[in-house]
Amino acid sequence: MFWLIVACVGATLYFDDGLAKLGWAWARPEYSHGPLIPVLSGLLFLRQLKSVPIDENQTRNRWPGLAVMLFAVLIGLLGNLAKIDDVVTYALIIWVWGILLISFGWKVGLLFWPPVLHLVYMLPLPDVMYYKFSTWLQLISSELGVTFLQWFNVPVYLEGNIIDLGVYKLHVAEACSGLRYLFPILSFSYIFAVLYQGPIWHKAILLISAAPITVFMNSLRIAIAGIIVDRFGLEHVEGFSHFFEGWVIFIACVLILFGLAWVMLHLQRKKMSLSEALDLDTTELGPQFMRLRLLQASPALIAGATMMVAFGVAWQMAPEPTEQRFIREPFAAFPQQLGAWQSGPPQTLSPKVYRALGADDYHQVDLRAPNQLQPVGLFMAWYADQSDGGVHSPEVCLPGSGWEIAWLERTDIANDIGYAGKFNINRAIIQKGSQRMMVYYWFEQKGRKVAWDMAAKFYLMVDGISTGQTDGAMLRLTTAIDPSETDAAAEARLRDVLVEMLEPLPSFIPGSGDIGR
């Protein structure tokens, strides 16, 4: 136990940034269930330990666990150097797996994979995945909610994820996306599947069904809110929303999950009751916990504990990274004239949008040119540090404003604009009712023109490790497609502005002119 405690202390010192990120994430409604996950994983571990006989010779096959622990240390080092705390939290799970393999040996330690895997549910999703997943769930919830409203003959119109009830527009915001209920339901369904004694395919269905059950309940909540607005007025919907959030949704989803298990049990030939199918025996967990004092101080455990203390102390004593300094002009000084294009007055974001954007500097203007049917909207957002959140993709923001992405492709336009290097962008057509717009957007990552946001995150990690700098930007050009013109004519405006802005851009986004020209 002494060396096990020493190893845990060393891990706490080494993975402290990841632990701090967990504390920050658990304060958010979507991950407020997080503190329960290690407790539940511990109970699952003790429950499985009951099936493992006491082995007096516990020194066999310990060294593979040390290799797993070392792998976790290397992953954590990458996360620490890149200043991406999410990576450190993932490494912490691998470390737990390694310490179990060291403590019980390879053969016995492998049996404890269910409680270790369950720890994944305490981790926050990377922000890119979170916002994409959230937007996807919002759209599904919106569409299902509108379908339910139409069944009840409620006049409704859907724009993106904005439900227009005529007298009231119901925004399916992040709080209503289903994520607040989805993560705890996924965790519960995992434990439910582990304790379930039925066939493997039953367990698989119980795991997979958690997400659609949660989205269905959230859509039902949206539909009921819409019916209340239609039948009784706006003043009643707020009280309903507070009542129907949180535990009501969670309990309803749990009951549906139990009902699904009951149906599957009654459809199989060998029938059993739900109480028989669930292994809820919690006896002798205390004695199993006391078995930990029987762990022997094997050479692998001593080596692992010593290694963790050494790495933990070294990381704590490492000098603080120097503050990033940027030589750049503020966007307020961006040229008002780009070739034939004249800039209008800068546009200010609302406080709510500005907080969600989280940028250190932004610029939003409309550019007009003679003999052009429509203006071109230019939006730029720059981040001094993208390791904590970072840029938001328009794929996430546009549906929240009622726009639907009708067409999207990622392509390299370097040859089309005479750029000496890769210039990857997203080309999209978005629509809202009869309105259509052509959109270009891309991410600036130390001179790279990146279209895919996940690739931008990868380069962020590479740059954080190699240079210690984690700045970057997102740029977007938009123009309305006039009914009297072709899509190609509208796109020509975007390319014209893009070519004109390449020369001044490096003064405002550091590194944007380093690669290609």
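Start by selecting E485 and R493: their side chains make a polar contact at 2.8 Å. (A polar contact is a pair of N or O atoms within 3.5 Å; within protein, one must be able to donate a hydrogen and the other to accept it, and residues adjacent in sequence count only if both atoms are side-chain atoms.) Keep in mind that you are looking at a predicted model, where local features need pLDDT of at least 70, side-chain atom pairs count only at pLDDT 80 or more, and totals for chains, interfaces and linings use all residues. Residues are numbered from 1 along each chain as its sequence is written, and side-chain values use heavy atoms, with hydrogens and water left out.

Stay on E485 and add D482, whose backbone nitrogen lies 2.9 Å from a polar atom of the E485 side chain. E485 sits in the loop between β12 (472-480) and α19 (487-501). (Helices, H or I with at least four residues, and strands, E with at least two, are DSSP runs numbered from the N terminus.) Is E485 buried or exposed? It counts as buried, because its relative accessibility is 15%. (Buried means under 20% relative accessible area, exposed over 50%, and partly exposed in between, with a 1.4 Å probe and protein chains only.) Leaving aside residues up to four places away in sequence, E485 touches L373, A480, A490 and R493. (Contact means heavy atoms within 4.5 Å.)

Next, zoom out. The protein has 19 helices and 12 strands, and 50% of its 517 residues count as buried.

Now select M308. Not counting residues up to four places away in sequence, M308 touches A7, G10, A11, Y14, F15, M69, V73 and W95. Then add F15, F45, M69, W95 and F104: together with M308, these touch the most other members of the largest nonpolar core, which has 41 residues. (A nonpolar core is a set of buried Ala, Val, Leu, Ile, Met, Phe, Trp, Tyr and Cys residues joined through side-chain atoms within 4.5 Å.) Which elements give two or more residues to this core? They are α1 (2-14), α3 (36-49), α4 (63-82), α5 (85-109) and α14 (299-317). Color α5 if you like, as it gives the most, with 11 residues. Apart from this core lies another, of 35 residues, including L338, I481, L494 and M501.

Go on to α4 and α18 (residues 453-466), whose axes come within 7 Å and cross at roughly 85°. (Axes are lines fitted to C-alpha atoms, for helices over the stretch in contact, and angles run from 0 to 180 degrees between N-to-C directions.) That makes α4 roughly perpendicular to α18. (Roughly perpendicular covers 65 to 115 degrees.) Show L78, L81 and A82 in α4, which meet M461, G464 and I465 in α18.

For a strand, pick E404 in β8 (residues 404-412). At 47% relative accessibility, E404 counts as partly exposed. Add I429: its C-alpha atom is separated from that of E404 by 8.7 Å, with the two residues 25 apart along the chain.

Finish with two loops. N153, between α7 (127-151) and β1 (157-159), has a positive phi of about 60° although it is not a glycine. K446, between β10 (435-445) and β11 (448-450), has a positive phi of about 55° and is not a glycine either. N153 counts as exposed at 66% relative accessibility, whereas K446 counts as buried at 18%.

Technical notes
Angles under 35 degrees count as roughly parallel, over 145 as roughly antiparallel, 65 to 115 as roughly perpendicular and the rest as oblique.
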